[in-house]
Amino acid sequence: MNSANSLPIDYLKGSKYNDDNLIRRAITMYDCKINVNTNKEIKEKATKIFNELGFDLTTAINVFLRKTIMCNGLPFDLYLDDDYGEPSEETLEAMKECDDIVEHPENHKGYTDLDEMWKDLHK
């Protein structure tokens, strides 16, 4: 990396993002600092992922902030499960059925022909 405040220019020039305007925006120096408190393990894991993508942590956070602005909200969905992560009764039944298929494949029809499977599904 050239500095903590920019993407490496060589990385951008050698990539599919070789656009002068994008490069100019990416290497713009930042004029504001943000202090973020987080767990050390989370920071290390995230930093490793970002580094594999060619970003430092500062760049990754700035990507998140820019995407937040573009979306006019968080750039991903957040929701609470009504059942706090417990599988529904339907899911539990499907899990039991999968276990039974694995344990007793002779009791379940298998397919080698996709058309035959679709016909049976739409009966």
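In which helix do Lys96 and Glu93 both lie, and how many residues apart are they? The legends below refer to a predicted model, and the second view returns to this pair.

**Figure 1. Overall fold of the predicted model, with 6 helices and 0 strands.** Along the sequence, the elements follow the pattern α-α-α-α-α-α. The protein comprises 123 residues, of which 10% count as buried. Its exposed surface amounts to about 11000 Å², and carbon and sulfur atoms supply 55% of that area. Among contacts with a separation of 6 or more, 39% are made by residues 24 or more positions apart. The count of salt bridges comes to 5; several of them are shown in the views that follow.

**Figure 2. The salt bridge between Lys96 and Glu93 in helix 5.** Both residues lie in helix 5 (residues 89-103), 3 residues apart, which corresponds to about one turn of the helix. An α-helix has 3.6 residues a turn, so residues three or four places apart point the same way. The N to O distance between the two side chains is 3.9 Å. Lys96 is exposed, at a relative accessible area of 53%, whereas Glu93 is partly exposed, at 43%.

**Figure 3. Asp120 in salt bridges with Lys109 and with Lys123.** The closest N and O atoms of Asp120 and Lys109 are 3.0 Å apart. This pair links distant parts of the chain, since Asp120 belongs to helix 6 (residues 114-121) and Lys109 to the loop between helix 5 and helix 6, with their positions 11 residues apart in the numbering. Asp120 has a relative accessible area of 22% and is therefore partly exposed, as buried requires a value under 20%. Lys109 is exposed, with a relative accessible area of 52%. For Asp120 and Lys123, the closest N and O atoms are 3.2 Å apart. Lys123 counts as exposed, at 81% relative accessibility. Through shared partners, salt bridges join Lys109, Glu116, Asp120 and Lys123 into one network.

**Figure 4. Helix 3 and the residues at its ends.** Helix 3 (residues 40-52) contains 13 residues. From its first C-alpha to its last, the helix reaches 18 Å, close to the 18 Å expected at 1.5 Å a residue. At the N-terminal end, Asn39 acts as the cap of helix 3, with a side-chain oxygen 2.7 Å from the backbone nitrogen of Glu41. Just after helix 3, Gly54 adopts a positive phi of about 90 degrees.

Terms used. Residues are numbered from 1 along each chain as its sequence is written. This is a predicted model: local features need pLDDT of at least 70, side-chain atom pairs count only at pLDDT 80 or more; totals for chains, interfaces and linings use all residues. Side-chain values use heavy atoms; hydrogens and water are left out. Helices (H or I, at least four residues) and strands (E, at least two) are DSSP runs, numbered from the N terminus. The expected span of a helix is 1.5 Å times one less than its number of residues. A polar contact is a pair of N or O atoms within 3.5 Å; within protein, one must be able to donate a hydrogen and the other to accept it, and residues adjacent in sequence count only if both atoms are side-chain atoms. Buried means under 20% relative accessible area, exposed over 50%, partly exposed in between (1.4 Å probe, protein chains only). Contact means heavy atoms within 4.5 Å. Accessible areas come from the Shrake-Rupley method with a 1.4 Å probe; for residues, only the protein chains shown count as cover. A salt bridge is a side-chain nitrogen of Lys or Arg within 4 Å of a carboxyl oxygen of Asp or Glu.
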